Amino acid sequence: MLAPMTHTGASLWSRGAAPRPGPRPAYTLDQLADACVRRADAGGLRAVSMRGVADELGTAAASLYRYVDGKDDLIALMVDRVAGEYRYPDPTGDVRTDVLALAEQSRALHRTHPWLVQAAPSSLGPNSVRYMDRLAGALAPTGLDAGAIMVGVAMLSGWGANFAAQEAAGLSTADLGGALVASTGDPARDYPNLTALFGAATAGAGTPVDNDAVFVAGIDALLFGILPRS
């Protein structure tokens, strides 16, 4: 969901706190963000435009320039608005428990708002920074240095976002097994490793393959690579 930003201009949220000359604004940044999210949830990022959001609010597109410079600002607003949906439990101090609590929420948000994985905000808002702060805090008990923790934050965030994007596209681990069955030719010859994996799961020789198990296994694999060796 999140990536390092290179935007060097004034923060959109700072600009929002210092209104531009002219009539008093009729909307808040939150109201603009809510309108953007509604449109994107219904029609994807293509549905988010200055004119479209203005129509949603019942105003003229030109009036939105009192608040934002253009669509890039709208994207930043809506991404941060969704990041405000996170609910942060008190940390337990157990790295896996605390990371999973955040990762599962990230997966759920990306499934609810499938356009998120395509959104590339030009700046980070307070809710997005809070998520990164909490994820860094979940990794803090590892004792890793700052650079290693930020790499961990990027890796874990990316896994949740990309996994949910595949789910939103209708892909699941079980679909791969179905594709093997429906494939032309001889799956055992053409795809011997996958055929053996799905055959073992079907026969009960291993843990059944499902999306939830794969998601958690991915988090565990990332943590294995992130955590310091004893």
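Helices α2 (29-43) and α4 (71-83) pack at an angle of about 90°, with axes 8 Å apart. That makes α2 roughly perpendicular to α4 (65 to 115 degrees counts as such). Axes here are lines fitted to C-alpha atoms over the stretch in contact, and angles run from 0 to 180 degrees between N-to-C directions. Helices are DSSP runs of H or I, at least four residues, numbered from the N terminus. On the α4 side the contact (heavy atoms within 4.5 Å) is made by Leu74, Leu77, Met78, Arg81 and Val82. The α2 side includes Leu29, Leu32, Cys36 and Val37.

A note on the source: this is a predicted model, where local features need pLDDT of at least 70, side-chain atom pairs count only at pLDDT 80 or more, and totals for chains, interfaces and linings use all residues. Residues are numbered from 1 along each chain as its sequence is written, and side-chain values use heavy atoms, with hydrogens and water left out.

Next, the core. Met78 of α4 comes up again: with Val99, Trp115 and Leu156, Met78 touches the most other members of the largest nonpolar core, which has 52 residues. Such a core is a set of buried Ala, Val, Leu, Ile, Met, Phe, Trp, Tyr and Cys residues joined through side-chain atoms within 4.5 Å. Buried means under 20% relative accessible area with a 1.4 Å probe, protein chains only. Helix α4 gives the largest share, eight residues.

Leaving aside neighbours within four places in sequence, Val99 contacts Leu135, Ala138, Leu139, Leu156, Ile219 and Leu223.

Leu135, Ala138 and Leu139 are also among the buried residues of α6. The buried residues of α6 pack against α4, α5, α7 and α11.

How values were computed:
Buried < 20%, exposed > 50% of the residue type's maximum accessible area, 1.4 Å probe, protein only. Helix = DSSP H or I, 4+ residues; strand = E, 2+ residues; numbered from the N terminus. Parallel < 35°, antiparallel > 145°, perpendicular 65-115°, else oblique.
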